[in-house]
Every structure is written in structure tokens, then in C-alpha cells.
Amino acid sequence: MINSIDHIVLYSSNFEKTISFYCDVLGMTVEEFIPSGKKGFRKSLKFGNQKINLHDANSPYKPHSSNPVSGALDICFLSCTKIEEWEKIFKKNNIVIEDGPVKKTGATHKIISLYVRDPDYNLIEISNKI
């Protein structure tokens with residue numbers, strides 16, 4: 001039986017811009033690691049008990065999805081930082097809010113969300129439980 005997600009993979013066309021968005025704006029941390037039995041470092045974005053592994057969209061780490069492209073991700077992050085604060089953070093960083101605040105149905109609760117795009121145009125939803 002599946003009970004949680006360990007990590008997801010994000011294909012990036014520009015690691016520097018991706019890391020800046022997820023770390024400087026969303027507050028994640030970047031970590032380097034060497035995969036078991038492999039050579040060379042990889043990067044991941046960490047937050048809470050989760051991580052996002054970064055793959056170069058032009059030469060993704062193997063194995064990878066059948067269509068490894070940047071900009072295809074649509075993900076919702078739950079936050080304890082209030083939506084009003086996120087609005088200020090996005091405006092301060094010149095990040096366009098595409099939608100919201102808007103009420104939605106989350107996995108376990110009703111949520112209120114804002115939608116923005118990361119540097120690869122992935123749809124990023126930031127939500128608070130309501």
C-alpha cells in the first residue's frame with residue numbers, strides 16, 4: 001500500500017534560475033548528493049520531509065520519464081505562511097500571480113491557493129488549509 005511520496009523530479013532548463021526561485025522565493029534549501037553506485041553530484045531541493053530532485057532538461061539523469069521536458073509540472077505546496085504573505089513575497093520578487101487567492105479542494109482539507117509560474121513555466125500552487 002502506498003502511503004506517501006518520497007520525492008519528485010523536476011526538469012530544469014536553467015539550474016541557477018530554478019534554484020533561485022525555489023530557494024530564495026519559496027524558502028527551500030539546495031543539497032548536493034552522489035547517487036548510490038554513480039559518479040558525479042546531483043542536486044535536490046529540500047523542504048520539510050520532502051525533496052525535489054533536479055534533472056537537466058537537456059540531459060536528464062537515467063532512468064527518467066518517457067518525455068523529460070521542463071515546464072510540464074503542476075504541483076501544489078501546502079504552507080503555514082499565510083496567503084497574504086505569499087502575495088507580498090511574489091510581488092516583491094516581481095512574480096506574476098496567475099490566479100488567486102481562490103478556494104480549492106485539497107487532498108485532506110479545503111484550501112485557499114495562489115498560482116504562479118517558476119522559471120520553466122511549471123504551474124506552482126501555494127496553499128493554506130482552511
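A disulfide is a pair of cysteine sulfur atoms within 2.5 Å. Keep that cut-off in mind for the first stop on this tour of a predicted model.

**Stop 1: the cysteines.** Select Cys76 and show its side chain. Its sulfur sits 14 Å from the closest cysteine sulfur, the one in Cys80, so the pair is too far apart for a bond. Cys76 is also partly exposed, with a relative accessible area of 34%. Now jump to Cys23. Its closest cysteine sulfur is in Cys80 as well, 17 Å away, and that is too far for a bond. Cys23 counts as buried, because its relative accessibility is 16%. How many disulfides does the count come to? Zero.

**Stop 2: the sheet.** Go back to Cys76 and look across to Glu125 in β8, which stands opposite. You're looking at a pair of strands here: β5 and β8 (residues 123-129) run in the parallel sense, paired over five bridges. Now colour the whole open sheet: four strands, in the order β5-β8-β7-β6, with mixed pairing. At its edges are β5 (74-78) and β6 (99-105), each pairing on one side only. Turn the view a little and you can look for the twist: on average, neighbouring strands of this sheet are turned by 30° against each other, direction ignored.

**Stop 3: the helix across the sheet.** Select residues 83-92, helix α2. What does α2 lie across? It lies across β6, β7 (110-117) and β8, and runs at about 5° to β7.

**Stop 4: helix α1.** Next, select 15-25, which is α1. Begin at its N-terminal end, where Asn14 acts as a cap: a side-chain oxygen of Asn14 lies 3.1 Å from the backbone nitrogen of Glu16. Move along the helix and pick out its buried residues, Thr18, Ile19, Phe21, Tyr22, Cys23 and Val25. Just after α1 comes Gly27, with a positive phi near 85°.

**Stop 5: the core.** Stay with Phe21 and show what surrounds it. Leaving aside neighbours within four places in sequence, Phe21 is in contact with Leu26, Ile95, Val116, Arg117, Asp118, Pro119 and Ile124. Then widen the selection to the largest nonpolar core, which has 21 residues. Phe21, Tyr22, Leu26, Leu45, Phe77, Phe90 and Ile124 have the most contacts inside it. At least two core residues come from each of α1, β4 (50-56), β5, α2, β7 and β8. Which element gives the largest share? That's α1, with five residues.

Notes:
Residues are numbered from 1 along each chain as its sequence is written. This is a predicted model: local features need pLDDT of at least 70, side-chain atom pairs count only at pLDDT 80 or more; totals for chains, interfaces and linings use all residues. Side-chain values use heavy atoms; hydrogens and water are left out. Two strands pair if DSSP finds at least two bridges between them. Axes are lines fitted to C-alpha atoms, for helices over the stretch in contact, and angles run from 0 to 180 degrees between N-to-C directions. Contact means heavy atoms within 4.5 Å. A nonpolar core is a set of buried Ala, Val, Leu, Ile, Met, Phe, Trp, Tyr and Cys residues joined through side-chain atoms within 4.5 Å. Buried means under 20% relative accessible area, exposed over 50%, partly exposed in between (1.4 Å probe, protein chains only). A polar contact is a pair of N or O atoms within 3.5 Å; within protein, one must be able to donate a hydrogen and the other to accept it, and residues adjacent in sequence count only if both atoms are side-chain atoms.
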